[in-house]
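Me: I've got a model open and I'd like to know what stands behind the words people use for it. Can we go through them one at a time?

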Amino acid sequence: AEAQLRQVQKMEAVGQLTGGIAHDFNNMLAVVVGGIDLARRRLNGPRREVLNHLNNAMEGATRAAALTRRLLSFARSEPLLPERVDSSELVAGMSDLLDRTLGERIHIEVGLAPDAWPTYVDPHQLENAIVNLAVNARDAMEGEGAMRITTSNVTLAANEVGDVRPGEYVRISVTDTGCGMTPEVMERAFEPFFTTKPVGKGTGLGLSQIFGFAHQSGGEVGIESQMGKGTTVSIYLPRTDAEDRVRLHPAMQRMDNEA
Ligand code: ADP
């Protein structure tokens with residue numbers, strides 16, 4: 001719970017930083033563009049001067065690259081430490097955390113498959129993903145309303161959801177009765193830093209992290225939304241029996257080998 005709170009605080013900090021970072025980044029880009037422009041216009045001038053402008057551009061670009069590297073390592077979540085996870089158990093164990101995070105005015109209904117298939121994922125990242133979805137649901141309902149969290153076993157055909165490969169998945173869905181998404185928002189929702197929330201409130205990193213987590217785990221994320229009615233975001237995680245790790249996504253097999 002502490003870790004989750006820290007995660008939420010970290011995300012808020014990222015949100016506050018984002019505006020400033022964009023500003024710094026723009027300044028660095030201005031140095032790059034300015035340097036190249038000056039060098040281009042002085043091409044027939046003294047070599048030393050041209051080199052000087054190019055060096056300035058290079059320095060600006062290097063600083064910008066360092067900034068985005070820092071930003072990425074800040075935003076990137078901890079490495080995946082996958083283990084066998086029963087999603088229904090995991091969600092059931094989150095009820096206190098969710099109640100505390102969402103407040104009294106959000107009513108949470110839970111519908112858990114009693115026989116959820118096992119998955120092989122990082123349980124902390126899955127918890128963080130669910131907290132993020134629940135916070136998004138709360139925001140979409142302006143702090144008041146009903147949401148539903150469910151787990152179920154599903155068999156998907158190829159590309160039935162996103163780029164999903166055919167097979168058996170555990171689906172964890174968070175449904176809200178909030179504002180819904182416009183087609184434009186739905187299209188961009190997974191983009192890092194895409195947010196419709198005010199500065200300091202939204203980071204635009206929640207769904208992009210969930211997308212990354214699901215894909216690294218061999219799964220997918222799906223969104224269904226209706227304006228004015230509500231939204232369901234579902235995380236699909238591949239069924240993985242312990243003796244059956246070959247089902248793992250290649251990215252996870254690589255991680256397994258590195259561990
Ligand atoms: P953030 O919540 O910080 O804005 P996310 O990546 O989690 O970042 O979400 C990106 C955007 O997608 C949100 O700003 C919002 O416009 C939209 N969104 C996400 N979840 C929902 C939801 N449950 N209902 C309506 N819109 C949503």
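**The sheet, the core and the ligand shell**

Reply: Sure, starting with the sheet: five strands form an open sheet in the order S2-S4-S5-S7-S6, and the pairing is mixed. Keep in mind that this is a predicted model.

Me: What makes S2 and S6 edge strands?

Reply: Strand S2 (106-111) and strand S6 (220-226) each have a single partner strand, so one side of each has no neighbour in the sheet. From one strand to the next, the twist averages 20°.

Me: How do you know that S2 and S4 count as a pair?

Reply: Two strands pair when there are at least two bridges between them. S2 and S4 have six, in the parallel sense, so they pass that cut-off. As for Glu109, its bridge partner in S4 is Arg148.

Me: Which strands does H5 touch where it packs on the sheet?

Reply: H5 touches S2, S4, S5 and S7, and its direction makes about 35° with that of S5. The chain as a whole has eight helices and seven strands.

Me: What makes the largest nonpolar core a core?

Reply: Its members must be buried nonpolar residues joined through C-beta atoms within 7 Å. The largest such set has 36 residues, and Ile130, Ala134, Val174, Ile210 and Ile235 have the most contacts inside it. Strand S3 (118-121), H5, strand S4 (145-156), strand S5 (167-176), H7 and strand S7 (230-238) each give two or more residues to this core. H5 supplies the largest share, seven residues.

Me: Which residues is Ala134 in contact with, leaving aside its neighbours within four places in sequence?

Reply: Those are Leu98, Thr101, Leu102, Met147 and Val174. To count as a contact, the two C-beta atoms must lie within 7 Å.

Me: What share of the chain counts as buried?

Reply: 29% of the 259 residues do. The cut-off is 20 or more other C-beta atoms within 10 Å of a residue's own.

Me: How many residues surround the ligand, and which are the closest?

Reply: There are 23 of them, with Ala140, Thr195, Gly202, Gly206 and Leu207 the closest. Helix H5 (123-140) and helix H7 (206-216) are the elements that give two or more residues to this shell, and H5 gives the most, with four.

Me: What is the make-up of that shell by class?

Reply: Twelve of its residues are polar, nine are nonpolar and two are charged. Gly counts as polar here, so Gly202 and Gly206, two of the closest residues, go in the polar class.

Notes:
Residues numbered from 1 in each chain as written. Predicted model: local features only at pLDDT ≥ 70, side-chain atom pairs only at ≥ 80, totals over all residues. Near = placed C-beta within 6 Å. Buried ≥ 20, exposed ≤ 12 C-beta atoms within 10 Å, placed from the backbone. Axes fitted to C-alpha atoms, helices over the stretch in contact; angles between N-to-C directions.
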